[in-house]
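Hi everyone, thanks for coming. I'd like to walk you through a structure that may be new to you, so have a look at it first.

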Amino acid sequence: LGIVSIALQPVLDPRPDVTCVADNEPSSGFRDGDKDCNISQASSEEINDWDSAPKPFRIIGVALILAGIVTAVVAFVRSRRSDGPPAGPAG
């Protein structure tokens with residue numbers, strides 16, 4: 001479930017599209033290699049905001065994976081303790 005949550009991040013919250021500007025217009029100073037054009041200042045800020053924002057589906061996914069690991073370890077330890085020799089009378 002955690003891996004599915006992490007995989008859904010690009011689908012449910014995709015990265016913003018790049019807006020290009022003409023060569024003679026002011027730009028952000030960055031260039032898009034796929035479109036081979038200068039990126040507008042507004043588009044650059046939008047992409048930077050998206051890159052720096054927390055990704056809730058990734059956070060939830062990591063939390064679910066960690067909870068699963070902890071649950072598996074606890075179940076393993078409990079099963080090992082219950083498989084031990086029966087406790088005899090004290091004394």
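Let's start with a question: is Cys-20 buried, partly exposed or exposed? Keep in mind that this is a predicted model. Okay, Cys-20 comes out as partly exposed, with a relative accessible area of 32%.

Now, who does Cys-20 pair with? Its partner is Cys-37, and the two form a disulfide with their sulfur atoms 1.8 Å apart. Cys-20 sits in strand E1, residues 20-21, while Cys-37 sits in strand E3, residues 37-39, so the disulfide ties together parts that are 17 residues apart in sequence. For anyone who wants a refresher, a disulfide is a covalent bond between the sulfur atoms of two cysteines. Cys-37 counts as buried, at 10% relative accessibility. And if you search the whole structure, you find 1 disulfide.

Next, over to Ser-43, which is in helix H2, residues 41-52. Ser-43 is buried, with a relative accessible area of 2%. Leaving aside residues up to four places away in sequence, Ser-43 touches Asp-17, Val-18 and Thr-19. With Thr-19 we can be more specific: its backbone nitrogen lies 3.0 Å from a polar atom of the Ser-43 side chain.

Last stop, the surface. There's a nonpolar patch there, made of Ile-3, Val-62, Ile-65, Leu-66, Ile-69, Val-73, Phe-76 and Val-77, and together they have about 730 Å² of accessible area. Which helix gives the most to that patch? That's helix H3, residues 56-82, with 7 residues. Leu-66 is found in helix H3, if you want a place to begin looking.

Methods:
Residues numbered from 1 in each chain as written. Predicted model: local features only at pLDDT ≥ 70, side-chain atom pairs only at ≥ 80, totals over all residues. Heavy atoms only, no water. Patch = residues over 30% accessible without salt bridge, like charges linked within 9 Å, V, L, I, M, F, W, Y side chains within 5 Å. Areas by Shrake-Rupley, 256 points an atom, 1.4 Å probe, with all protein chains shown as cover. Salt bridge = Lys/Arg side-chain N within 4 Å of Asp/Glu carboxyl O. Helix = DSSP H or I, 4+ residues; strand = E, 2+ residues; numbered from the N terminus. Disulfide = S-S within 2.5 Å. Buried < 20%, exposed > 50% of the residue type's maximum accessible area, 1.4 Å probe, protein only. Polar contact = N/O pair within 3.5 Å; in protein donor to acceptor, adjacent residues only side chain to side chain. Contact = heavy atoms within 4.5 Å.
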